[in-house]
Amino acid sequence: MPKPVGSDQRYMPGLDGLRALAVLTVIAFHEQFRWAPGGLLGVGVFFTLSGYLITDLLLSSWLGTGSLHLADFWRRRARRLLPALFVLLIVVTAWVTIADRARLSSLRGAVGAAATYWSNWYVIIKGQSYFSRFAPPQPLDHLWSLAVEEQFYLIWPWLLLLGVIVLRHRTMAAVRWLALPTLVLAAGSAVLAVALYHPGYDPTRVYEGTDTRAGGLLIGAALAMVWSSSRAGQARKLTARILDVPAFAGLVVILLMVWRVGQYSSFLYRGGFVLLSVATAAALAAAACPDSWTTKVLGVPPLRWLGVRSYGIYLWHYPVIVLTSPANGPIGLPRAAGQIAVSIILAALSWRYVEEPIRHGALERAWRQLRTRKLTKVNRFGLAGAFGAASVMAVAGAGLAGAVRVPATAGNAAELAGGSGLSASSNSVSSTGAKGAAAGSGHGATAKSRRHAASVPAPGQPGWVPKTSCTAVAHIGDSTSDGLVSTTYLPQKQLIPAQYQDVGVHTVYTNVVGARSVAETLPGTINGYDAAVGLNHQGFRGCWVIALGTNDTADVAVGSNVTLPARISRMMAAARGEPVMWVNVISLLRSGPYAETNMLKWNAALAHACTQYPNMRVFNWAAVAERPWFISDGIHYTSTGYAARSKAIATGLAAAFPAGGQRSRCLVSLPPSVAAGIASPSPSATPSASTSPGASTSPSARASGGAAAKSPSSPRPSAARRP
């Protein structure tokens, strides 16, 4: 917190250190550092800090003057927050207008939502996902947290005013009684989060909802009621030392959660955020004491310097990362270091030339000078700065007003042309190594595909028992394959490894990650192409089953410059000539990136590519899937649906690459008798989890044939972006 202007609230350097730690963890998360999978929890630390400081400020005003002075409070909040935000919005919009126009259409709505502090509900109402990144990330995605705080600033003072009106005495002892109803509200927020969270659905509504995240702010507010900054400032040294014990424990809890608790963990939504807030409150209570060791540790000059500028650092770091990172692939350490340095420099400039002057009345002085026509002499540097600012604003205004043409995406253009504009090998990438160990199941990575010599009856004929010539199979999938590898949805014998073994496969590898696509990469995961490359590096040789495309289709629909044919060619290159069976896609949605019309484009691209690759087949899952198998999102499946999908894909593999070496057609369809049997699975075959809400991922790593396959939450049907 910068030193307060125009209030009796004292400066607490330890709180700036806590802010610095919070913003650094958020940066680590967005830079995809593997040691900080829970870096997003830094936002929760900010929430508790904000709840404490705002409530402490308001109560201090009431205890001193008998009024909350709400008009003055909101004016100071606007003066503190709005200028830096508006500068960010103008600069980012101008940059996108000039250098990255493909983002412009989606940016326009995001700018309006950010300027009105409505970003979180804008995302929720549009059905977008903060977690399942179905398109390149947008530079303003991180502003949802500022919206939550600002909405709290607007609503909470009225509730606090009601509370102090009920109080009979204007004393600190009376104020402490307000902590009880405040904690009740915090508990209600936590209970609502638990009620709304379902492991089978995307958690964006819970993660970004003002009502479900208010608990962290309210816990900070309750602390301000029982341990105000003035009271903490007068605490004895012994009291401060006693508070150091829970404070250091709280800091350890925060750091452990940042290190071990990922964004997809159900623990977060079932009490994890409450634990984070309590840990933050414990650290905060000691950091508010001048004589505590916590203050001495957190109040060291480097942390204080970063903490004072933490607001600007938070504003700038994410646009810098998004707009200067490669479209696909990880962020290298040198690039990440440069991005962090640029973010801090921009924040320092914002603090020096925007935030600090305006906090001390620069706008009011400028307005008085304009009214009285007593303008100071403008030098050439000031004139150049004014001209530059006006130019940036003009460019940004042109972009927002629609005066700049937004180019059509390459992917859509190619598909409208029938997908014939690119050769099968266009935009293919070289093997550069996996980004991490491929999660998979199996009993060894050296098995090679072998052909069975025995002949079998033709598919569909009496006595036909489908068998495949593939003895080793690698199944790479997204969340539509989640239920195929999880005993939450299917018994062991119906999981996809068992089904593959039933048709003659000896070794099965599964690599299933929710929201996965061929090209785009989520923090902490690897995309489909790199997963395949990783398996190759482990020595895998055999047949490939690629159950991707749902997210790739949405990626292209919302503006990715990696076309559908290019995505297919990348995976075919990774297969290195081994047999590949793609599973085509289907959706029940009529609009949005996941609409069935978009899925048909992907299926058409698969069919076209299949004619160019002798080792490629396409299993026609879209012709097998039945409407009752889908859950309400129109993309994922019930346990019954997963049971059918598991059996159908394995049977399709046997039809695509049958034992005996018979050659199948490109588009593999199941014989009617087989399809009918799959469409009517035995009711006893599915476990009690068949009523589970969806086919999403478990927050923890899933066991699949003996090895873990990390799997994040399922995408929302109309999601159009990534975090």
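A residue counts as buried when its relative accessible area is under 20%. Keep that cut-off in mind and select Cys289: its relative accessibility is 1%, so Cys289 is buried. One thing before moving on: this is a predicted model.

**Stop one: the disulfides**

Across the whole structure, a search turns up 2 disulfides. Start with Cys470 and Cys543, whose sulfurs sit 2.0 Å from each other. Look along the S-S bond: the torsion of Cys470 and Cys543 is about -85°, so this disulfide is left-handed. Now colour by secondary structure. Cys470 is in the loop between α20 (410-416) and β1 (472-477), while Cys543 belongs to strand β3 (residues 543-547), so the bond ties together parts 73 residues apart in sequence. Turn on a surface, and both ends are buried: Cys470 has 0% relative accessibility, and Cys543 also comes out at 0%.

Next, pick Cys610 and Cys666, a disulfide with an S to S distance of 2.4 Å. The S-S torsion here is -100°, and the link of Cys610 and Cys666 is left-handed. This pair connects distant parts of the chain, 56 residues apart: Cys610 is in helix α25 (residues 596-610), and Cys666 is in the loop between α26 (639-656) and β6 (667-668). Is Cys666 buried or partly exposed? Cys666 is partly exposed, with 28% relative accessible area, whereas Cys610 is buried at 3%.

If you number the bonded cysteines in sequence order, the pairing reads 1-2, 3-4.

**Stop two: a cavity**

Now hide the surface and look inside. How many cavities of 30 Å³ or more does the structure hold? There are 6. Go to the second largest, which encloses about 90 Å³ of space. To frame this cavity, select Leu18, Leu21, Ala22, Thr25, Leu41, Gly42, Val45, Leu251, Ile254, Leu255 and Val258, the residues that line it. Helices α1 (13-30), α2 (42-65) and α12 (237-260) are the elements that each give two or more residues to this lining. Colour the lining by residue type and you get 9 nonpolar residues, 2 polar and no charged.

**Stop three: helix α15**

Finally, select residues 301-308, which make up helix α15. Show the side chains and pick out the buried residues: Leu303, Leu306, Gly307 and Val308. What do the buried residues of α15 pack against? Their partners are α1, α3 (70-99), α14 (293-298), α16 (310-324) and α17 (333-359). Helix α1 should look familiar from the previous stop, as one of the elements contributing to the lining of the second largest cavity.

Terms used
Residues are numbered from 1 along each chain as its sequence is written. This is a predicted model: local features need pLDDT of at least 70, side-chain atom pairs count only at pLDDT 80 or more; totals for chains, interfaces and linings use all residues. Side-chain values use heavy atoms; hydrogens and water are left out. On a 1 Å grid over the protein atoms alone, a cavity is a set of points where a 1.4 Å probe fits but cannot get out, and a pocket is an open set with protein on both sides within 12 Å along at least five of seven lines; lining residues have an atom within 4 Å of a point. Grid points are joined across faces, edges and corners, and a volume is the space filled by probe spheres set on the points. Helices (H or I, at least four residues) and strands (E, at least two) are DSSP runs, numbered from the N terminus. Ala, Val, Leu, Ile, Met, Phe, Trp, Tyr, Cys and Pro count as nonpolar, Asp, Glu, Lys and Arg as charged, and the others, Gly among them, as polar. Buried means under 20% relative accessible area, exposed over 50%, partly exposed in between (1.4 Å probe, protein chains only). Contact means heavy atoms within 4.5 Å. A disulfide is a pair of cysteine sulfur atoms within 2.5 Å.
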